[in-house]
Amino acid sequence: MKKAIKPMLLAYTASLVMLSASVASPNSIDTPKTGATYRSNIYTTEGSKVRVFVDKDMDGPVDIYLCKGQRDSMLITHLGRREKHYRIQLDLSKLDDGVYQLVITNGIETTTHKLTLSTRPHQSYETDRLITLN
């Protein structure tokens with residue numbers, strides 16, 4: 001009877017060791033080591049508007065923020081993993097004058113575009129807004 005128990009105990013121990021090894025090393029498919037590769041273009045247009053174009057690979061998400069200072073940030077959009085293209089025209093006419101940043105990030109790499117908004121008065125009742133993109 002002892003001879004029959006030893007092979008079963010050995011088989012049970014081996015399967016337990018294999019199970020613990022598979023649990024100890026998680027599958028790395030769900031956690032990418034690099035973010036989605038993306039390309040972005042920013043253009044200013046007339047009338048206090050900025051156009052933003054983002055093209056990305058389907059490797060992961062990309063977030064786009066508009067920030068004024070370190071604490072004031074607004075999420076414009078979150079591009080999911082399966083989204084490839086994003087186009088938007090931002091109307092900046094309601095924002096106060098100052099320095100803003102358009103931030104595009106995949107969580108690992110970040111691209112920052114500096115936007116300076118300044119209003120200059122005219123002789124008439126209308127004002128023109130100047131947008132400087134650095």
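This tour moves from the whole chain to strand β2 and then to the strands on either side of it in pairing.

The model is predicted: local features need pLDDT of at least 70, side-chain atom pairs count only at pLDDT 80 or more, and totals for chains, interfaces and linings use all residues. Residues are numbered from 1 along each chain as its sequence is written, and side-chain values use heavy atoms, with hydrogens and water left out.

Begin with the whole chain. It has 1 helix and 8 strands, in the sequence order α-β-β-β-β-β-β-β-β. Helices (H or I, at least four residues) and strands (E, at least two) are DSSP runs, numbered from the N terminus. Of the 134 residues, 25% are buried, meaning under 20% relative accessible area with a 1.4 Å probe, protein chains only.

Next, select residues 49-56, which form strand β2. Which side chains of β2 point to the buried face? Those of Val50, Val52, Val54 and Lys56 do, whereas Lys49, Arg51, Phe53 and Asp55 point to the other face and are not buried.

Add residues 38-45, strand β1. Strands β1 and β2 run antiparallel and are joined by 8 bridges; two strands count as paired if DSSP finds at least two bridges between them. Ile42 stands opposite Val52 of β2. Between the two strands, the hairpin has 3 residues, and Gly47 takes a positive phi near 80 degrees there.

Finally, select residues 85-91, strand β5. This strand is antiparallel to β2, with 7 bridges joining them, and Asp91 of β5 stands opposite Lys49.

How values were computed
Buried < 20%, exposed > 50% of the residue type's maximum accessible area, 1.4 Å probe, protein only.
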